[in-house]
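Thanks, everyone, for making the time this morning. Please bring up the sequence and the structure, and I will talk through a few parts of the fold.

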Amino acid sequence: VLKRGGYLSSFRDKGGLLQTLLTYGDSYRMIGSREEGGFPIMFTQITNNNLYVNTQATDFRCTNKPVTKCAVVFSGTWNEACANFPSIAKKAGPGRIPRQAQQNKDLDQTDTQRALTEDVTEWCYYYDIENKYFCIFVGAACTLVEEKKDKDFPFVYKDKEGRECPYIPISHYKCFPSVRGFYNRGIGEMFYDLAKLGSTLTNLLSGSVENNLYSPVFLGLPLAESEKVFGKMQAYYRERALGKRAFVPMVNDPNNPAGMTVQSANIPTAINEYVALSAEINTNFRRMGIMLDDLELSNNPNQLEIMTKKEIANQTMRQIMEGNATETEFELDVTLDFVRTMVKKDDKTPLNLTTLGQINGQPYRADFMTLGLMKTFLGQRQWFFDVDSKSGKIPSGAEQLSGAQGMLPYLQAGSPDYNATVKQIADV
């Protein structure tokens, strides 16, 4: 259900939650429904600068100063707006929604794209869970398209204890939580400072090498021969510009067999300082969880070494995922509630499951599962999610192979677990 609704694609694809939260520190996703045509549950990425909350809020779901009012703005062409809201064709007009601080700048577009975009229409979703109010308005005139309040407020779901809770259907993922305020910090801003320093060092090193290659050359010449030598040098440069091998004929003075003297003004390159600062920058990258190089393993790594180094490499990402476990659980709970309340029992939409189950030790795949059947199953018992907040990494092939080989001696040969482990080793 999550995959068909765009949960994975809105998280991992270009402009998705993962890329945005690592770059800016925050990313937002709206959970919506489609009443007609297509999969009924949908997840939509929100551009960071198009989300507005009440000024005193510090987070969407927290016990102190939570978000109670929120406005989300989307933009597109007038035709896209009419496709989303057919009723506006006769009562609304195109244009951007006015703001107190108008900034027609989308973070996911280049300056050229924004300059060439003429047909822009914006529509806004507004939520107020304190007063149970929801509305949608479109265009420069803020034409009201839909309005629901009080008992008709649609965003209410049952939590694990069965209590009805009004909510704003927007998830807020964070990279490194800030101590104060609503917005948080991302790896991008810290990465930028270190990358800028690294670029400065590289430029200084390149400039030092270039200065030594083209450093001033001092020629000691007899007074009467200077014009002749410079004339020959000009001929040399012309030959080199044509890509030919150039020669500079010189005649030694019998009274001065050494001819002219040449001296270059080279300055030693500060390579040791560059290496030391580069190592310090790489150390800071690793401390942020950014591995610029592959893990260095010994020639015959054991399982403990592999797992330890993988734990270190994935520590930052696991910390980020653990910090967002509340948002993940919220999205899953809302998805369950959507299936319970919005899907019809006779909905024949296939789920296209690829997960293999087992019956009497034999694998099977539930090809028959539809949204309607899922709604029926969810109504028979009390279902809830338990999010593993310690996960957040995909084990490498070496880690999987080492773990499976370590378990194999403790399994009974020919047992289902033994055969499954052998298959796992063969797959890796």
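Which residue in strand 6 is the bridge partner of Trp123? The partner is Val138, and I should say at once that we are looking at a predicted model.

Let me stay with the strands for a moment. Strand 5, residues 121-128, and strand 6, residues 133-138, run antiparallel and are joined by six bridges, and the two form a hairpin with four residues between them. In that turn, Lys132 has a positive phi of about 50°. Strand 5 is also joined to strand 4, residues 69-76, by eight bridges, and that pair runs antiparallel; here Glu122 in strand 5 is the bridge partner of Ser75. Strand 5 is mostly covered, with seven of its eight residues buried.

Turning to the helices, helix 10, residues 325-342, and helix 11, residues 371-380, have axes that come within 9 Å and cross at roughly 105°, and the two helices are therefore roughly perpendicular to each other. From helix 10, Leu336, Val339, Arg340 and Thr341 meet Met374, Lys375 and Leu378 of helix 11. The residues of this contact divide into four nonpolar, one polar and two charged.

Finally, there is helix 7, residues 271-287, where a simple length check is possible: at 1.5 Å a residue, its 17 residues should span 24 Å, and because the end C-alpha atoms are 24 Å apart, the model agrees with that expectation. Within helix 7, Ser278, Ile281, Thr283 and Phe285 are buried.

Notes: Residues are numbered from 1 along each chain as its sequence is written. This is a predicted model: local features need pLDDT of at least 70, side-chain atom pairs count only at pLDDT 80 or more; totals for chains, interfaces and linings use all residues. Side-chain values use heavy atoms; hydrogens and water are left out. The expected span of a helix is 1.5 Å times one less than its number of residues. Buried means under 20% relative accessible area, exposed over 50%, partly exposed in between (1.4 Å probe, protein chains only). Axes are lines fitted to C-alpha atoms, for helices over the stretch in contact, and angles run from 0 to 180 degrees between N-to-C directions. Angles under 35 degrees count as roughly parallel, over 145 as roughly antiparallel, 65 to 115 as roughly perpendicular and the rest as oblique. Contact means heavy atoms within 4.5 Å. Ala, Val, Leu, Ile, Met, Phe, Trp, Tyr, Cys and Pro count as nonpolar, Asp, Glu, Lys and Arg as charged, and the others, Gly among them, as polar. Two strands pair if DSSP finds at least two bridges between them.
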